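Reader: I've never looked at this one before. Could you walk me through how to read it, one feature at a time?

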Amino acid sequence: MDVTVTPWVTENTLQYESDWEDFERTRNITWLISGIVQFIISLVGLAGNAVVIWLLAFCMQRNAFSVYILNLAGADFVCLSTHMVVSIMHSVNYSKLDTIEFLQVFLVVFVFPYIASLSILSAISTERCLSVLRPIWYRFHRPKHMSFVMCALLWALSLLLTVLEMESCGLLLGKYDWKLHRTIEFSIATWLTFSLVLMFGSSLVLLTRLLFGFQKMKLTRLYVTIGLTVLVFLTCGLPWGISYFFFYWMLKDFSFKVFAVTSVLTTLNSCANPIIYFFVGFYRHQQRQQRRSLKIILQRALQDVPEEDGRQGSPPQEILEMSGNIHVA
């Protein structure tokens, strides 16, 4: 039986193949450019976060906020490592083995440092807000090891949610559970939303108290460090979470261009934090320049003493002690 192929069918088929080839070419170029940019940013960010981790873990006396910064640097380091691996795989076109499965694995694995980073940043903002609103209680009644306990719990929660996400996707035992997957995704989205609201609310309270408080507070480097870190996350880190949990999970319309742009922004967010620390610590109101080691610069970025107090004859090492001399063992 002869089948006659009409001209319009042939034209539509050729047009479809041409559009698909253009789509594939555009996607490959986008992945390549995104991979190169992420690799360069990740390389710089890994070096910066490695320096921060080394200084805070082995060269400085740890206190309440330095513990949080240390764990935040660890989360950024894991995040950048993931991006570097993905950028290398995209650059060498290794991900062609199964693009859908590859993206699924990457998204699930990347959720782990993303949850940890946002949670730790929310804890920093909340504790700083508490120390300002209730300074007496914070100084005399705050549990000594609260920073360690909070960071451990946040890491454990992030790991648990990631493992459950991998299990629901069938990446561990190979069984996809749709109901469990939706439940875990909703739980992750709920926790991230709660952490975001907590971080934004506490930061807004700090800013309001700083600008319009009854007793005007003096600006310290710690305020600037936390404020810039939160601002960079809202600008560069938040778009990935919005695009993933709203477009990919809820709307099922996750463009590869959106994925590429938000991935680059998230890489930039993790890379920017060490730059913020050293910029805030290096910046001086005075004109005279002094040589400062990286350790001193990082200490200055986390100090909770107004700058003018440092010019009234206080010993330099005392000035560099952070957060009201609240130390942890």
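Reader: Let's begin with a single residue. Which helix does Leu228 lie in?

Author: Leu228 belongs to helix H7. Keep in mind that this is a predicted model, and everything we discuss is computed from it.

Reader: How exposed is Leu228, then?

Author: Accessibility has a middle band between 20% and 50%. Leu228 has a relative accessibility of 30%, so it counts as partly exposed.

Reader: And which residues does Leu228 touch, leaving aside those up to four places away in sequence?

Author: Ile276 and Val280. You can also compare sequence with space: Leu228 and Ala272 are 44 residues apart along the chain, and their C-alpha atoms are 9.6 Å apart.

Reader: Let me zoom out. How many helices and strands are in the chain?

Author: There are 10 helices and zero strands. Reading from the N terminus, you meet α after α, right through the list of elements.

Reader: What share of the residues in the chain is buried?

Author: Of the 329 residues, 45% are buried. As for the outside, the accessible surface is about 17800 Å², and carbon and sulfur atoms account for 68% of that.

Reader: How do I read contacts across the whole chain?

Author: Look at how far apart the partners sit in sequence. Among contacts with a separation of 6 or more, 76% are between residues 24 or more positions apart.

Reader: Can we try one helix? How many residues of helix H9 are buried?

Author: Six of its eight, so by the under-20% cut-off for buried, helix H9 (residues 294–301) is mostly covered. The buried ones are Ile296, Ile297, Leu298, Gln299, Arg300 and Ala301.

Reader: Now charges. Why might two side chains pair up?

Author: Opposite charges can pair when the charged atoms come close. This structure holds one salt bridge. Arg142 and Glu127 form it through their side chains, at 2.6 Å from N to O. The pair links distant parts of the chain, 15 residues apart: Arg142 is in the loop between helix H4 (135–141) and helix H5 (146–168), while Glu127 is in helix H3 (residues 99–133).

Reader: Are those two partners buried or exposed?

Author: Arg142 has a relative accessible area of 9%, so it is buried. Glu127 is buried as well, at 4%.

Reader: What about empty spaces? How many cavities of 30 Å³ or more does the structure hold?

Author: Four. The largest has a volume of about 50 Å³. To read a cavity, ask who lines it: here the residues include Ala75, Phe110, Tyr114, Phe233 and Asn269.

Reader: Which helix gives the largest share of that lining?

Author: H3, with four residues. Helix H2 (64–91), H3 and helix H8 (256–282) each supply at least two. By class, the lining of this largest cavity has six nonpolar, four polar and one charged residue.

Reader: And pockets? What is the volume of the second largest one?

Author: About 330 Å³. It has 14 lining residues, and Ser203, Leu204, Leu207, Tyr223 and Gly227 lie nearest its centre. Helix H6 (178–212) and helix H7 (221–251) each supply at least two residues of that lining, with H7 giving the largest share, seven.

Reader: How does the lining of that pocket divide by class?

Author: You'll find 12 nonpolar residues, two polar ones and no charged ones.

Methods:
Residues are numbered from 1 along each chain as its sequence is written. This is a predicted model: local features need pLDDT of at least 70, side-chain atom pairs count only at pLDDT 80 or more; totals for chains, interfaces and linings use all residues. Side-chain values use heavy atoms; hydrogens and water are left out. A salt bridge is a side-chain nitrogen of Lys or Arg within 4 Å of a carboxyl oxygen of Asp or Glu. Buried means under 20% relative accessible area, exposed over 50%, partly exposed in between (1.4 Å probe, protein chains only). On a 1 Å grid over the protein atoms alone, a cavity is a set of points where a 1.4 Å probe fits but cannot get out, and a pocket is an open set with protein on both sides within 12 Å along at least five of seven lines; lining residues have an atom within 4 Å of a point. Grid points are joined across faces, edges and corners, and a volume is the space filled by probe spheres set on the points. Ala, Val, Leu, Ile, Met, Phe, Trp, Tyr, Cys and Pro count as nonpolar, Asp, Glu, Lys and Arg as charged, and the others, Gly among them, as polar. Contact means heavy atoms within 4.5 Å. Accessible areas come from the Shrake-Rupley method with a 1.4 Å probe; for residues, only the protein chains shown count as cover.
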